[in-house]
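Visitor: I'm new to reading protein models. Could you walk me through one?

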Amino acid sequence: MIETFFNPQIITDAWPIVMAGLWNTIKLSLVVVPLGLIGGTLLALLASVHTRWVRWPLMAWTDFFRAFPPLVLLIFI
């Protein structure tokens, strides 16, 4: 069982692929997290506006993204 699941040869062969995936995840996070922070802050500031034509589309936008699971949204995109 140990040779099947913890085979050092397979781990050595897969290590560059795992590290490339880790590096891609870090790069993507460095881009997406600040964009999400900025976008969320802008939406929160817009939510404080009491004008009907600003508030209703914002509520529809928020309800749309709350209603769908993230995986379904990824499939649509």
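**How two helices pack**

Guide: Let's start with helix 2 and helix 3, which are oblique to each other. Keep in mind that this is a predicted model.

Visitor: What angle do helix 2 and helix 3 make, and how far apart are their axes?

Guide: Here's the general idea: a packed pair of helices is described by the angle between the axes and the distance between them. In this model, helix 2 (residues 8-47) and helix 3 (residues 52-67) pack at about 135°, with axes 9 Å apart. An angle over 145 would count as roughly antiparallel, and 65 to 115 as roughly perpendicular, so this pair falls under oblique. The crossing of helix 2 past helix 3 is left-handed.

Visitor: Which residues of helix 2 and helix 3 meet?

Guide: From helix 2, look for L43, L46 and A47; from helix 3, find V54, R55, L58 and W61. Sorted by class, that contact has six nonpolar residues, one charged and no polar.

Visitor: Okay, now G39. Is G39 buried, partly exposed or exposed?

Guide: G39 sits in helix 2. Its relative accessibility is 28%, so G39 counts as partly exposed. Try finding T51 too: G39 and T51 are 12 residues apart in sequence, and their C-alpha atoms are 20 Å apart in space.

Visitor: Where is confidence lowest, and where is it highest?

Guide: In general, predicted coordinates shouldn't be read in detail where pLDDT is low. For this chain, the mean pLDDT is 89, and 100% of the residues reach 70 or more. Helix 1 (residues 2-5) has the lowest confidence, with a mean of 76, while helix 2 has the highest, at 94.

Conventions
Residues are numbered from 1 along each chain as its sequence is written. This is a predicted model: local features need pLDDT of at least 70, side-chain atom pairs count only at pLDDT 80 or more; totals for chains, interfaces and linings use all residues. Side-chain values use heavy atoms; hydrogens and water are left out. Axes are lines fitted to C-alpha atoms, for helices over the stretch in contact, and angles run from 0 to 180 degrees between N-to-C directions. Helices (H or I, at least four residues) and strands (E, at least two) are DSSP runs, numbered from the N terminus. Angles under 35 degrees count as roughly parallel, over 145 as roughly antiparallel, 65 to 115 as roughly perpendicular and the rest as oblique. A crossing is left-handed if the near helix is turned anticlockwise from the far one by less than a right angle, and right-handed if clockwise. Contact means heavy atoms within 4.5 Å. Ala, Val, Leu, Ile, Met, Phe, Trp, Tyr, Cys and Pro count as nonpolar, Asp, Glu, Lys and Arg as charged, and the others, Gly among them, as polar. pLDDT is the predictor's confidence in each residue, from 0 to 100. Buried means under 20% relative accessible area, exposed over 50%, partly exposed in between (1.4 Å probe, protein chains only).
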